[in-house]
Amino acid sequence: MTTLQLWVDVRQGLPVGVLADVQLDAVKVRLGADLQALGLQKIKGRLGAHWYEEEVEVFSQNLLFDTDQGEHWPGGNLRVSWRGEDARSGAVHADRLDLEALAQVAQRVPLPEDLRRVLARSQPSGTVRQL
């Protein structure tokens, strides 16, 4: 079954957030002009983002997916927030976090470039149960 429900938050006539409940097969998306395409065999769960002025938050809830490159995201929840284009402050909250899959997928999602470089350089592995 393929489903997509999408909500957009609007403030003073401008979008400031998006929330999507997804259950899709064979998805290919480019989440930024300077990012590699992300190909997914299947994806299921909730995705969202909020941005206003210099604050950004990206999150997933009960997200499960398999990429075309063979990476498996096992579900769980992830919330990343930062302030400013240079991500001078921020926070990460997660449970059931596969670090190797995170490092691979991070190269294809809109995160601060400094964070992507750290993940690529450090080549993390293992699973975080709660952060």
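Arg96 and Asp95 form a salt bridge, with 3.6 Å between the closest N and O atoms. The term salt bridge stands here for a side-chain nitrogen of Lys or Arg within 4 Å of a carboxyl oxygen of Asp or Glu. Arg96 is partly exposed at 42% relative accessibility, and Asp95 is partly exposed at 22%. For these labels, buried means under 20% relative accessible area, exposed over 50%, and partly exposed in between (1.4 Å probe, protein chains only).

A word on the model before going further. The structure is predicted, so local features need pLDDT of at least 70 and side-chain atom pairs count only at pLDDT 80 or more, while totals for chains, interfaces and linings use all residues. Residues are numbered from 1 along each chain as its sequence is written, and side-chain values use heavy atoms, with hydrogens and water left out.

## Charged pairs

By the salt-bridge rule, the count comes to 7. Side chains of opposite charge can pair when their charged atoms come close. The table shows some of these pairs.

| Salt bridge | N to O distance |
|---|---|
| Arg46 and Asp21 | 2.6 Å |
| Lys42 and Asp66 | 3.7 Å |
| Arg96 and Asp95 | 3.6 Å |

What does the salt bridge of Arg46 and Asp21 tie together? Arg46 sits in strand 3 (residues 38-52) and Asp21 in strand 2 (residues 14-29), so this pair links parts that are 25 residues apart in sequence. Strands are DSSP runs of E with at least two residues, helices are runs of H or I with at least four, and both are numbered from the N terminus. Arg46 is partly exposed, at 26% relative accessibility.

Lys42 and Asp66 form a salt bridge too. Lys42 belongs to strand 3 and Asp66 to strand 4, so the pair ties together parts that are 24 residues apart in sequence. Lys42 is partly exposed, with a relative accessible area of 38%, whereas Asp66 counts as buried at 16%.

## Strand 4 and its partners

Strand 4 spans 55-67, and you can follow it from one partner to the next. Two strands pair if DSSP finds at least two bridges between them. Strand 4 pairs with strand 3 in the antiparallel sense over 11 bridges. These two strands form a hairpin with 2 residues between them, and Glu53 in the turn has a positive phi of about 55°. Tyr52 stands opposite Glu55 of strand 4.

Strand 4 also runs antiparallel to strand 6, joined by 7 bridges, and here Ser60 stands opposite Leu78. With strand 5 (72-73), strand 4 shares 2 bridges, again antiparallel. Phe65 stands opposite Trp73 of strand 5. The hairpin of strand 4 and strand 5 has 4 residues between the strands, and Gly70 there takes a positive phi near 90°.

## Two glutamates to look at

Glu55 lies in strand 4 and is partly exposed, with a relative accessible area of 48%. Which residues does Glu55 contact, leaving aside its neighbours within four places in sequence? They are His50, Trp82 and Arg83, where contact means heavy atoms within 4.5 Å. The side chain of Glu55 makes a polar contact with that of Arg83 at 2.9 Å. A polar contact is a pair of N or O atoms within 3.5 Å; within protein, one must be able to donate a hydrogen and the other to accept it, and residues adjacent in sequence count only if both atoms are side-chain atoms.

Glu71 lies in the loop between strand 4 and strand 5. Is Glu71 buried or exposed? Glu71 is buried, with a relative accessible area of 13%. Its side chain makes a polar contact with the side chain of Arg108 at 2.8 Å. Not counting residues up to four places away in sequence, Glu71 touches Phe65, Asp66, Gln104, Val105 and Arg108.

## The nonpolar core

The largest nonpolar core has 22 residues, and those with the most contacts inside it are Ile43, Phe65, Trp73, Leu78, Leu97 and Leu111. Such a core is a set of buried Ala, Val, Leu, Ile, Met, Phe, Trp, Tyr and Cys residues joined through side-chain atoms within 4.5 Å. Elements that each supply at least two residues of this core include strand 7 (89-98) and helix 1 (99-106). Helix 1 gives the most, with 5 residues.

Phe65 is in contact with Leu40, Lys42, Ile43, Glu71, His72, Trp73 and Val105, leaving aside neighbours within four places in sequence.
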